[in-house]
Amino acid sequence: MTSSVRLPLPDPNNAAETSPMPEPVRVASRHRWHQLLRRPSFQAGLVIVLFWGLCALVAPMLPWLDAYCTDPMNALLPPSFHHWFGTDQIGRDVFARVLVGSRDILTIAPLATVIGTVLGTALGLALGYFGGRFDAICSRVLDAILALPMIIVALLALTALGPSNTTIVLIIGMSFAPITARTVRSAVLGERSLDYVKSAQLRGESSIYIMFVEILPNVVAPILVEATVRLGYGIFAVATLSFLGFGVQPPSPDWGLAMANNYTLMASGAWWTVAFNAIAIASMVIAIHLLADNVQEVSAQ
């Protein structure tokens, strides 16, 4: 007579038996975060972004930074002790306008990036998870949309709807969604065949639950990198639209608008009316791309 030994079945109510221990994941996440913070290029980019973010929040409230006060008697003064960045053609202080001008561009671009990331992530999860004909048809539509230059589409939409901050946010955000969707789709295709997804399907979980609770946490890294890159493009897009007269409208000290209003003065030697705004845009875009590159490198390790 033989006897068999019955192994205890896992208790579904016991989280310790049904799910892996999260401590190693938390340790790995902390290690990556510490490694990221130790990178000099990440630190430099973070300092620049925080500086302009602080300017966007605080500078408009400082009484001694009047970006709108005109003084025609002191127009086009070069940089000096009294006017660090000089003055423009109607005597406004360029230093004050550069600092205050960060407000609009750092409001519109992040909001547009959030909209594009949320829409693109939701669409990318659906495409990658369901696949099949749905993925094929939607992917071809996304390819057709991406073939259109974003600036041209934005100009046409703003011409039809009229320039406003809300319209700019929606247009740029919706133009970022297809790019984000393609990135998320590629990441989901590599996850949907793994065991944890099949286990969730066998448990009878809904597709929404599997996509947003099971798969989404595992594709956060590429989404974060893509969102950071889109933020840099968003800042450049807002500045470009303002320069062309379809973005932020006067009397805002927006960087792109300030360059549009003063670039003709460079021929007369008043380079400071444009140079410092251009440097502000370049520093912000470069800093964001430094952050994105470092996040991508660390997440790939």
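Helices and strands are taken here as DSSP runs, with at least four residues for a helix (H or I) and at least two for a strand (E). On this basis, residues 206–225 of the predicted model are 75% helix and 0% strand, and the C-alpha atoms at the two ends of the stretch lie 28 Å apart. Residues 105–129, by comparison, are 100% helix and 0% strand, with an end-to-end C-alpha separation of 35 Å. Both stretches appear in the unreviewed UniProt entry under the feature "transmembrane region", which the record also places at residues 42–65, 231–248 and 269–292.

The packing of helix α8 (residues 165–189) against helix α11 (residues 220–243) was examined in detail. The two axes are 10 Å apart and form an angle of about 155 degrees. Since angles over 145 degrees count as roughly antiparallel, α8 and α11 are therefore assigned to that class. The crossing of α11 by α8 is right-handed. On the α8 side, the contact comprises Ile-168, Ile-172, Phe-176, Ile-179, Thr-180, Thr-183, Val-184 and Ala-187; α11 contributes Pro-222, Ile-223, Glu-226, Arg-230, Tyr-233, Gly-234, Ala-237, Val-238 and Leu-241. Of the residues in this contact between α8 and α11, 12 are nonpolar, three are polar and two are charged.

Confidence in the prediction was considered for the protein as a whole and for its N-terminal stretch. The mean pLDDT is 86, and 89% of the residues reach 70 or more. Residues 1–22, however, have pLDDT below 50, and this stretch makes five contacts in the model beyond near neighbours in sequence. Where pLDDT is low, predicted coordinates should not be read in detail.

Terms used: Residues are numbered from 1 along each chain as its sequence is written. This is a predicted model: local features need pLDDT of at least 70, side-chain atom pairs count only at pLDDT 80 or more; totals for chains, interfaces and linings use all residues. Side-chain values use heavy atoms; hydrogens and water are left out. Axes are lines fitted to C-alpha atoms, for helices over the stretch in contact, and angles run from 0 to 180 degrees between N-to-C directions. Angles under 35 degrees count as roughly parallel, over 145 as roughly antiparallel, 65 to 115 as roughly perpendicular and the rest as oblique. A crossing is left-handed if the near helix is turned anticlockwise from the far one by less than a right angle, and right-handed if clockwise. Contact means heavy atoms within 4.5 Å. Ala, Val, Leu, Ile, Met, Phe, Trp, Tyr, Cys and Pro count as nonpolar, Asp, Glu, Lys and Arg as charged, and the others, Gly among them, as polar. pLDDT is the predictor's confidence in each residue, from 0 to 100. UniProt positions are given in the numbering used here, feature names are shortened, and annotations may be inferred rather than shown by experiment.
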